[in-house]
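Colleague: I would like to go through this model with you, one point at a time. Please keep the answers short.

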Amino acid sequence: MKTYAVRLAAVAVIFLISIGVGVVVTQSGGGAPLMPEQVAAAAGIMEFDLSPDGKTAVFVSGQSGTPELWTVPAAGGSPRRIAGGPIQKKQLRWSPDGEWIAYIAAGPTDAGDLWIVSRDGSSQRAISSNSDI
């Protein structure tokens, strides 16, 4: 029961973070808002989220054949791979300080586990384990 309560609390925190992320990001120079449709229109992007400061986007791409997490400057630039592997990644959310990205890693037959990865990809770890349920 305790692990369920911890997992529920983690989901609640991620939900509250996602509500507070409504930051308008502008492209450098033009001042036009970067619309979600513009980001999602890029080939292979399955999900994305903007950092709290609005300067970086994180997204899931399957173009390599496996779901990978990438970050890219919102104003444009080269994407950087921060996490890979064959497990589906979904429900991306930035931490309030913008240093961590939380996501659910789920296989085809399980509910998934909560993971966090640092914004530069140098550190990642599971917060929950499907076997805890």
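Modeller: Before the hairpins, one term: two strands pair if DSSP finds at least two bridges between them. Note also that the model is predicted.

Colleague: With that in hand, which residue takes a positive phi in the hairpin of β2 and β3, and what is the angle?
Modeller: β2 and β3 run antiparallel and are joined by 6 bridges. Their hairpin leaves 6 residues between the strands. The residue with the positive phi there is G65, at a value near 105°.

Colleague: Which residue of the turn has a positive phi in the hairpin of β3 and β4?
Modeller: β3 and β4 pair in the antiparallel sense over 3 bridges. Their hairpin has 6 residues between the strands. The positive phi in the turn is about 115°, and the residue is G76.

Colleague: What is the bridge partner of A57 in β3, and which residue of β4 does L69 stand opposite?
Modeller: β3 covers residues 68–73, and β4 covers 80–83. A57 has its bridge partner in β3, namely V72. For L69 the residue opposite, in β4, is A83.

Colleague: How many helices and strands does the protein chain have, and what pattern do they follow?
Modeller: The chain holds 2 helices and 8 strands. Read along the sequence, the pattern is α-α-β-β-β-β-β-β-β-β.

Colleague: Why is one side of β1 left without a neighbour in the sheet?
Modeller: The open sheet has 4 strands in the order β1-β2-β3-β4, paired antiparallel. β1 (45–50) and β4 stand at its edges, and each has a single partner strand, so one side of each has no neighbour in the sheet. Neighbouring strands here are turned against each other, direction ignored, by an average of 30°. The reason asked for is thus the position of β1 at the edge, with a single partner strand.

Colleague: Which strands are the edge strands in the sheet that contains β6?
Modeller: That open sheet runs β5-β6-β7-β8 with antiparallel pairing. Its neighbouring strands are turned by 25° on average, direction ignored. The strands that pair on one side only are β5 and β8.

Colleague: Which residue in β8 does W115 stand opposite?
Modeller: β7 (residues 113–118) and β8 run antiparallel, joined by 3 bridges. β8 spans 124–126. The residue opposite W115 is A126.

Colleague: Which strand gives the most to the largest nonpolar core?
Modeller: That core has 11 residues, among them V58, L69, W94, Y103 and V117. β2, β4, β5 and β6 each supply at least two of its residues. The strand that gives the most, with 3 residues, is β6.

Colleague: A105 belongs to that core; which residues is A105 in contact with beyond its neighbours within four places in sequence?
Modeller: A105 falls within β6, which covers 100–106. Leaving aside the neighbours within four places, the contacts of A105 are I87, Q88, G112, D113 and W115.

Colleague: Is E68 buried or exposed?
Modeller: E68 is found in strand β3. Leaving aside neighbours within four places in sequence, E68 is in contact with F59, V60, S61, R81, A83 and G84. The cut-off for buried is under 20% relative accessible area. E68 has 10% relative accessibility, so E68 counts as buried.

Colleague: Which residue does the side chain of E68 join in a polar contact?
Modeller: The contact is between two side chains, at 3.4 Å. The partner of E68 is W70.

Colleague: How far apart in space are L50 and R93?
Modeller: L50 lies in strand β1 and is buried, with a relative accessible area of 14%. L50 and R93 are 43 residues apart in sequence. From C-alpha to C-alpha, the distance in space is 8.2 Å.

Colleague: Over the whole protein chain, how much area is exposed?
Modeller: Of the 133 residues, 35% count as buried. Carbon and sulfur atoms supply 59% of the exposed area. The total exposed is about 7600 Å².

How values were computed
Residues numbered from 1 in each chain as written. Predicted model: local features only at pLDDT ≥ 70, side-chain atom pairs only at ≥ 80, totals over all residues. Heavy atoms only, no water. Core = buried A, V, L, I, M, F, W, Y, C linked by side-chain atoms within 4.5 Å. Buried < 20%, exposed > 50% of the residue type's maximum accessible area, 1.4 Å probe, protein only. Contact = heavy atoms within 4.5 Å. Axes fitted to C-alpha atoms, helices over the stretch in contact; angles between N-to-C directions. Polar contact = N/O pair within 3.5 Å; in protein donor to acceptor, adjacent residues only side chain to side chain. Areas by Shrake-Rupley, 256 points an atom, 1.4 Å probe, with all protein chains shown as cover.
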